[in-house]
Amino acid sequence: MNAMPPPQPVLEVERLSTVFDLRAGTVRSVNDVSFSLKRGEILGIVGESGSGKSVTGLSVLGLIEPPGRIAAGSIRLEGRELTTLGDAEKRKLRGNAISMIFQDPMTTLNPVLSIGRQFFEVINAHRKVSYAAALDEAEAALVQVGIPAARERLSSYPHELSGGMRQRVCIAMSLINKPAVVIADEPTTALDVTIQAQILYMMQNLVRDSDVSLIWVTHDLSVVAGLCDRVAVMYAGRIVETGPVEDVLGNPRHPYTRGLLDSIPGDAEPGRLLRQVPGTQPSPLDLPQGCSFRPRCSQARDECRNELTSDQVGPDHFVRCLFKLGGD
Amino acid sequence: MLGEIDRTADKKAVQTAAPYVEIRNASRNFVQKMSPVEALLSRAGMNYSDRVVQAVSDVSLEIPRGTALGVVGESGCGKSTLGRMAAGLLSATNGEVVFDGERMDAGHAGMSARDMLRVQMVFQNPMASLNPRQKVVDIVTEAAVYHGLIRRRERQDFAAELLREVGLPPDVLNRLPHQFSGGQRQRIGIARALSVSPEFLICDEPVAALDVLIQAQIINLLLELKERRKLTLLFISHDLGVVRHICDEVVVMYLGRIVERASTADLFARPVHPYTQALFREIPRIRSGRRAYEPISGEIPSPLSPPTGCHFHPRCPCVMDKCSVDTPPLIPVGNGRVARCWLPSL
C-alpha cells in the first residue's frame with residue numbers, strides 16, 4: 001500500500017477477558033490481558049498449564065466455543081476489530097490473514113487425505129486456484145520448511161511422515177496464504193531436542209524473511225530465550241510481566257517470573273535443592289482476591305489483596321506487582 | 001539442608017564400593033512377525049523375514065551404591081527399554097542384570113519375589129501408572145501388605161507416614177487419583193515405589209509431564225529421598241538440565257547404543273562425542289539467548305533399519321569414510337570416561 005511501514009502494530013489485544021460459564025461457576029481463563037504485536041516480531045506467551053496462554057491464542061483466532069465466550073476487550077488485526085465479526089467473516093480470516101500451528105500435528109492433519117490434497121484445501125478456501133497450481137505452491141512451501149523430496153511428499157499421507165516432518169508440514173500450511181499473524185501453540189513440545197532446535201532455527205529465518213508476526217505459546221522459558229523478541233508471562237489468566245526477552249529473563253521483576261527461572265535446574269549448582277515455589281496454581285473457579293500469586297509468594301503482604309495495575313519499569317517492560325523485585 | 005552434604009566424602013565412598021548395580025552386555029530385541037502373506041511368500045523363496053528391532057544393543061554399565069546414573073537420549077534411543085530391563089520388567093535378549101551380586105534379570109530363576117522388592121520404578125505418566133479406581137491408601141499399601149511387610153490393620157498409619165514423607169497431607173488417604181494434580185499424583189507414585197523400602201529406584205522421565213514449578217518440587221523431593229533413604233538411582237530423562245542436577249554419572253544413548261559415558265561434571269564441562277556436543281548445543285538455555293548457528297541436520301533413523309557403521313554417521317558433522325563401514329568401539333578418553341567414535345581428536 002505505502003512504502004512506509006505502518007506505525008501501528010499488526011495485532012492489538014486490549015483488556016481481553018475470556019470466560020467459561022460452567023455449572024460450577026464462571027472460570028476466568030483470560031483476565032484483562034493486553035498486548036500488541038509489531039510486524040516481524042516474535043512474542044512468546046509463557047505460563048504453566050491452566051495459566052490461560054492457550055485460551056489467549058484461541059481467543060485471537062475466534063475459536064472460543066460455548067460455554068466459553070469473550071466477555072470483554074477488543075482484538076484488532078491491522079486496525080480491524082475481530083471480536084464483533086460473524087462466523088463467516090471469521091472463517092475468511094482464519095488460515096488467511098491469521099493462522100495457527102497446534103501442538104500435535106497428527107491431530108491437525110487429516111489422516112485420510114494426502115498432504116498435497118490438504119494444501120489444496122487450505123489454499124482453495126481463500127483463493128481460486130487449480131489443483132496443479134496449488135501443488136506447485138505447496139511444493140515451494142515444503143522446500144522452504146526444509147522437507148527433502150518435497151514433490152514426492154505431496155502424495156504422502158500424514159502417517160508416513162515422522163513427527164518433526166509433520167510439524168514442518170503444518171508450519172508450511174499455516175504460512176501458505178501469507179498471513180499477517182501466526183499463532184503457534186506449543187508446536188515443539190512433542191518433539192525431540194535436535195528436531196526442536198531445527199524448527200526453532202527455521203522459524204527465526206522464516207519470520208525474518210517473510211515479515212510475518214509470530215506468537216509462540218509455550219511453557220518452556222528456555223525456548224522463549226532462544227526464539228522470541230518479547231515475552232508475556234501469564235499466571236492464573238493474567239499477564240504478570242511482559243517486556244523484551246533480555247530484560248524479563250535477565251532481570252525479572254515479578255516474583256513469579258523469578259520463581260519460574262529458579263525452578264529450571266540448568267544453572268543451579270548440581271545436587272543442591274532448587275529454590276522452589278511452594279503450593280500449586282489456584283483453582284480458576286476460586287481465584288484469590290487481588291494478586292493471584294499472593295498465596296505462593298514470599299513477598300506477599302496485606303496490600304496484595306487490593307486490585308493491581310500493571311506498572312512500567314523499563315522501556316516496554318511492565319510488571320503487575322506491588323513489591324517488585326529489585327532492579328539493577 | 002541437603003546443600004550441606006560433603007560431596008568429596010561421597011565420592012571416596014563411591015570409589016571403594018563395588019558396583020551395586022551392574023548391567024553386562026545387555027541387549028534387547030523386539031521382533032515384528034511377518035504377516036501371514038509375507039510368511040507364505042518367504043516360504044515360496046521370496047525375500048521376507050521377521051523384522052527385528054534392536055532397542056538396546058550391548059549396553060554395559062555400573063552404578064555404585066548410593067549414586068545416581070542418568071541415561072539421556074532422544075526418543076527411540078532405548079533408554080526406557082534399558083530402564084525396564086534394569087527393573088526386571090523386561091527380560092534381556094542377551095546379557096545380564098546383576099544387583100548386589102545376584103542376577104536379577106526378568107525370567108532368571110535366581111531371584112525371589114522378596115528380593116525383587118529392593119528394586120522399584122517410578123513412571124513418567126502418573127495418571128496412567130495409578131489405578132484410577134483405587135484409593136490412595138490402597139495404592140501405597142497394596143504391595144507392602146501383599147508381601148507381608150505390614151499387617152492390614154497397620155495400613156492407615158503406614159500410608160499416612162509414607163504420604164508425609166513425600167509431602168502430602170495425611171487427610172487425602174481416601175481420595176482417588178483423579179482428585180489430585182499432576183505433581184501430587186507423581187508424589188503418590190513415588191510413595192508407592194517407596195512403600196516396600198527399595199534400595200534401587202529407577203525413575204523413567206519422572207518430571208517430564210509436569211509444569212516447571214512442580215518439576216522443581218519433585219526434583220527436590222527425589223534429592224531428599226535419595227539422601228535420607230540412601231537410594232541408588234537410575235534416572236532416565238531427555239532433559240539434560242535435570243540430569244545434571246541429580247546425577248553423578250551420565251550415559252548418552254543413540255539408537256540403542258551407548259555413545260558416551262562420563263561423570264556429570266566431566267560431561268558437562270567437555271562433551272566429546274559429536275552427538276553429545278550437538279545435544280548440548282541445541283538445548284535452548286536462558287543464558288545463551290538467541291542462537292545464531294545452524295542446528296544439526298536430519299532425523300533419528302528408524303531403528304528397523306539403522307545405518308551401517310556408526311549409527312550417528314548420517315547426521316555427524318565430522319563424518320569420515322570409516323564411519324559408515326565400521327562400528328566404533330567404546331574408546332577410553334581419560335578420567336574413566338568412554339566415547340564411541342573414530343575421531344582421533346577425542
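Before I turn to the helices, one definition: a helix axis here is a line fitted to C-alpha atoms over the stretch in contact, and an angle between two axes runs from 0 to 180 degrees between N-to-C directions. What we have on the screen is a predicted model, so please take everything that follows as computed from that model.

With that definition in hand, let me start in chain A, where the axes of helix α4, residues 115-124, and helix α5, residues 131-144, come within 9 Å and cross at roughly 105°. Angles from 65 to 115 degrees count as roughly perpendicular, and α4(A) and α5(A) are therefore roughly perpendicular to each other. On the α4(A) side the contact is made by G116(A), F119(A), F120(A), I123(A) and N124(A), while α5(A) brings Y131(A), A134(A), L135(A), E137(A) and A138(A). By residue class, this contact of α4(A) with α5(A) divides into seven nonpolar, two polar and one charged.

Staying with chain A, I would like to move to the sheet, which is open and is built from eight strands in the order β6-β7-β8-β3-β9-β10-β12-β11, with mixed pairing. Strands β6 (98-101) and β11 (311-314) of chain A stand at the edges with a single partner strand each, so one side of each is left without a neighbour in the sheet. From one strand to the next, the twist averages 20°. Within this sheet, strand β3 (residues 42-46) and strand β8 (residues 213-218) of chain A pair in the parallel sense over five bridges, and here I42(A) stands opposite L214(A) in β8(A). Helix α7 of chain A, residues 163-175, packs on the sheet, where it touches β6 and β7 (181-185) of chain A, and the direction of α7 makes about 175° with that of β6(A).

Now to a single residue, M202(A), whose place is in helix α8 of chain A. Is M202(A) buried or exposed? It falls between the two: a residue needs 20 or more other C-beta atoms within 10 Å to be called buried, and 12 or fewer to be called exposed, and M202(A), with 16 such atoms, is partly exposed. Leaving aside residues up to four places away in sequence, M202(A) touches V145(A) and G146(A). For a sense of scale, M202(A) and L93(A) are 109 residues apart in sequence and 25 Å apart in space, C-alpha to C-alpha.

The helix that holds M202(A) also brings us to the interface between the chains, in which 36 residues of chain A are in contact with 39 residues of chain B. Which elements of chain A give two or more residues to the side that touches chain B? They are α8 (193-210), α9 (221-227) and α11 (255-262) of chain A, and the largest share, seven residues, comes from α8(A). That side of chain A divides into 18 nonpolar, 14 polar and four charged residues.

Crossing over to chain B, the domain assignment gives domain 1 (1-32 + 50-118 + 200-283 + 299-346) and domain 2 (129-197). The centres of these two domains of chain B, taken over C-alpha atoms, are separated by 29 Å, and their contact takes ten residues from domain 1 and ten residues from domain 2. On the domain 1 side, the largest share, four residues, comes from helix α8 (residues 212-228) of chain B, and the residues of that side divide into eight nonpolar, one polar and one charged.

Chain B has an open sheet of eight strands as well, in the order β6-β7-β8-β3-β9-β10-β12-β11 and with mixed pairing; its edge strands are β6 (119-122) and β11 (330-332) of chain B, each of which pairs on one side only. At the β6(B) edge, V119(B) and M121(B) point one way and Q120(B) and V122(B) the other way, and all are buried. The pairing of β6(B) with strand β7 (residues 200-204) of chain B is parallel over four bridges, and the bridge partner of M121(B) in β7(B) is I202(B). Elsewhere in the sheet, β10 (residues 257-263) and β12 (residues 338-340) of chain B pair in the antiparallel sense over two bridges, with R261(B) opposite V338(B) in β12(B).

I will end with helix α2 of chain B, residues 36-43: of its eight residues the number buried is zero, so α2(B) lies largely in the open. The helix α2(B) is followed by G45(B), whose phi is positive, near 95°.

Note on methods
Residues are numbered from 1 along each chain as its sequence is written. Chains are lettered from A and ligands numbered from 1 in the order in which they are written. This is a predicted model: local features need pLDDT of at least 70, side-chain atom pairs count only at pLDDT 80 or more; totals for chains, interfaces and linings use all residues. Two residues are in contact if their C-beta atoms, placed from the backbone, lie within 7 Å. Ala, Val, Leu, Ile, Met, Phe, Trp, Tyr, Cys and Pro count as nonpolar, Asp, Glu, Lys and Arg as charged, and the others, Gly among them, as polar. Domain bounds come from an automatic or database domain assignment. Two strands pair if DSSP finds at least two bridges between them. Angles under 35 degrees count as roughly parallel, over 145 as roughly antiparallel, 65 to 115 as roughly perpendicular and the rest as oblique.
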